[in-house]
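Work through the exercises below with the coordinates open. Each task is followed by a solution in steps.

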Amino acid sequence: MNTYTAEVCRIQDLTHDVRAIELRVLDPPTMTFKAGQFVSFEVPKEGQPRPVTRPYSIASPPAQDDRILLVLNLVQGGPGSSYLFRLRQGERTSFKGPAGAFYLRDDGERARVFIATGTGIAPMRSMILAQLHRQPDRPVTLFWGLRSQRDLYWQDELATLAAAYPRFTVVTTLSRPEPGWQGVTGRVTALLDERIQSVDNLAIYLCGGSAMITDVTARINAKGLCPIYREKYYDE
Ligand SMILES: Cc1cc2nc3c(=O)[nH]c(=O)nc-3n(C[C@H](O)[C@H](O)[C@H](O)COP(=O)(O)OP(=O)(O)OC[C@H]3O[C@@H](n4cnc5c(N)ncnc54)[C@H](O)[C@@H]3O)c2cc1C
Ligand SMILES: NC(=O)c1ccc[n+]([C@@H]2O[C@H](COP(=O)([O-])OP(=O)(O)OC[C@H]3O[C@@H](n4cnc5c(N)ncnc54)[C@H](OP(=O)(O)O)[C@@H]3O)[C@@H](O)[C@H]2O)c1
């Protein structure tokens with residue numbers, strides 16, 4: 001792991017509580033990483049003498065090695081997300097990385113299924129972009145669970161990718177939609193039950209909170225055996 005100095009080059013509010021932050025790496029000037037890996041920030045925590053460490057997945061693909069994109073939700077009073085939400089364009093920061101074992105594995109001929117809730121989409125975006133670029137003909141499915149319409153983002157980008165890559169399927173499902181939602185409703189667990197009959201030829205990647213990971217893993221195991229790779233963001 002290296003320590004990187006970086007400059008905030010772009011900030012984009014994606015929803016009421018989700019922000020994308022693009023960091024241009026300055027020193028060293030490029031970063032080599034595997035799609036799905038994360039970087040870690042040491043941030044001050046009120047009332048604690050030592051900083052605490054908070055990891056954030058890289059949402060951009062490895063081919064872009066001079067900048068990384070982070071996407072995170074604001075946790076009120078949370079030291080990590082509050083620190084990153086306080087950063088302003090042009091400001092410098094530092095992080096350690098890359099790290100983590102949640103990256104695209106050699107899954108042979110298996111079709112890949114990515115299942116994310118909330119900002120668990122971050123490493124999936126990196127992996128999907130890398131995968132579509134490397135092997136455009138390999139089937140890839142993304143199931144993404146959010147709460148309601150106000151939590152939606154990146155829908156146009158994903159639709160554009162699905163149009164460009166016929167083997168890429170994306171389904172966003174809302175668990176608590178407001179009236180007027182024409183799309184898929186329910187949790188990703190229900191989607192999995194409806195849309196996946198057999199896991200025989202699949203490799204499944206999960207990212208989000210622990211309850212989703214536990215529940216989805218149980219549903220997959222009930223259908224059969226296949227590789228399951230998991231990145232847990234927090235314990236419920
Ligand atoms: C490998 C890894 C990669 C991660 N990548 C991302 C990422 O790309 N984007 C991202 O938003 N977060 C990511 N996280 C979570 C992130 O590291 C922090 O835990 C999160 O930002 C909350 O930290 P905090 O200090 O602000 O809040 P804390 O004071 O640590 O509060 C944590 C509590 O906030 C709640 N919470 C709300 N949203 C989250 C969330 N996204 N993650 C964790 N807890 C949450 C939970 O109830 C949790 O108990 C990742 C975690 C891991 C382990
Ligand atoms: N996003 C918000 O508006 C919001 C607001 C206040 C607090 N929070 C807190 O912030 C944290 C993280 O937020 P987030 O946006 O990452 O997650 P989230 O909003 O809590 O959930 C994202 C999606 O994951 C689903 N989910 C939760 N548990 C699941 C399970 N066991 N199996 C399958 N799907 C499951 C949710 O469904 P359900 O809706 O059915 O739970 C929702 O569709 C949580 O601790 C949450 O309580 C979020």
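Two strands count as paired if DSSP finds at least two bridges between them. The model is predicted.

**Exercise 1. The sheet**

Task: Find the strand order of the open sheet of 6 strands, and state which strands form its edges.

Solution.
Step 1. With pairing defined as above, the strands of the open sheet follow the order 10-9-8-7-11-12, and the pairing is parallel.
Step 2. An edge strand pairs on one side only; strand 10 (184-185) and strand 12 (228-234) meet that condition.
Step 3. For one pair inside this order, take strand 8 and strand 9 (residues 168-174), which are joined in the parallel sense over 7 bridges.
Step 4. To place the register, note that Val140 has Phe168 in strand 9 as its bridge partner.

**Exercise 2. The site of ligand 1**

Task: Describe the shell around ligand 1 and list polar contacts, taking N or O pairs within 3.5 Å.

Solution.
Step 1. The shell holds 19 residues, and Arg54, Pro55, Tyr56, Asn73 and Ser81 are the closest.
Step 2. Sorted by class, these shell residues are 10 nonpolar, 6 polar and 3 charged.
Step 3. Tyr56 places a polar side-chain atom 2.6 Å from an oxygen atom of ligand 1. For Ser81, a side-chain N or O atom is 2.7 Å from an oxygen atom of the ligand. For Tyr233, the distance from a polar side-chain atom to a ligand oxygen atom is 3.1 Å.
Step 4. Ligand 1 on its own has 860 Å² of accessible area, of which the protein covers 76%.
Step 5. Ligand 1 sits in the largest pocket. Two or more shell residues come from each of strand 4 (52-57), strand 5 (67-73), helix 1 (79-86) and strand 12. Strand 12 was met in Exercise 1 as an edge strand.

**Exercise 3. The site of ligand 2**

Task: Repeat the analysis for ligand 2, and find which element gives the most residues to its shell.

Solution.
Step 1. Ligand 2 is surrounded by 17 residues; the closest are Arg147, Ser175, Arg176, Arg187 and Asp215.
Step 2. The classes in this shell are 5 nonpolar, 6 polar and 6 charged residues.
Step 3. A side-chain N or O atom of Ser175 is 2.6 Å from an oxygen atom of ligand 2. Arg176 also has a polar side-chain atom 2.6 Å from a ligand oxygen atom. Met212 uses the backbone: a polar atom there is 3.3 Å from a nitrogen atom of ligand 2.
Step 4. The protein buries 72% of the 850 Å² that ligand 2 exposes when taken alone.
Step 5. Ligand 2 sits in the largest pocket. Strand 8 (140-146), helix 4 (188-195) and helix 5 (210-223) each give two or more residues to the shell. Helix 5 gives the most, with 3 residues.

**Exercise 4. Backbone exceptions**

Task: Locate the cis peptide bonds at Pro28 and Pro98, and say where Trp154, with its positive phi, lies.

Solution.
Step 1. Start from the usual case: most residues other than glycine have a negative phi, and most peptide bonds are trans.
Step 2. The bond from Asp27 to Pro28 is cis, with omega near -10°. Pro28 belongs to the loop between strand 2 (18-27) and strand 3 (38-43).
Step 3. Gly97 and Pro98 are also joined by a cis peptide bond, with omega about -10°. Pro98 is in strand 6 (residues 92-99).
Step 4. Trp154 has a phi near 60°. Trp154 is in the loop between strand 8 and helix 3 (155-164).

Note on methods. Residues numbered from 1 in each chain as written. Chains lettered and ligands numbered in written order. Predicted model: local features only at pLDDT ≥ 70, side-chain atom pairs only at ≥ 80, totals over all residues. Heavy atoms only, no water. Near = heavy atom within 4 Å. Polar contact = N/O pair within 3.5 Å; in protein donor to acceptor, adjacent residues only side chain to side chain. Areas by Shrake-Rupley, 256 points an atom, 1.4 Å probe, with all protein chains shown as cover. 1 Å grid on protein atoms, 1.4 Å probe; cavity = no way out; pocket = protein on both sides within 12 Å on 5 of 7 lines; lining within 4 Å. Sits in = over half its atoms within 2 Å of the grid points. Helix = DSSP H or I, 4+ residues; strand = E, 2+ residues; numbered from the N terminus. Nonpolar A, V, L, I, M, F, W, Y, C, P; charged D, E, K, R; others polar.
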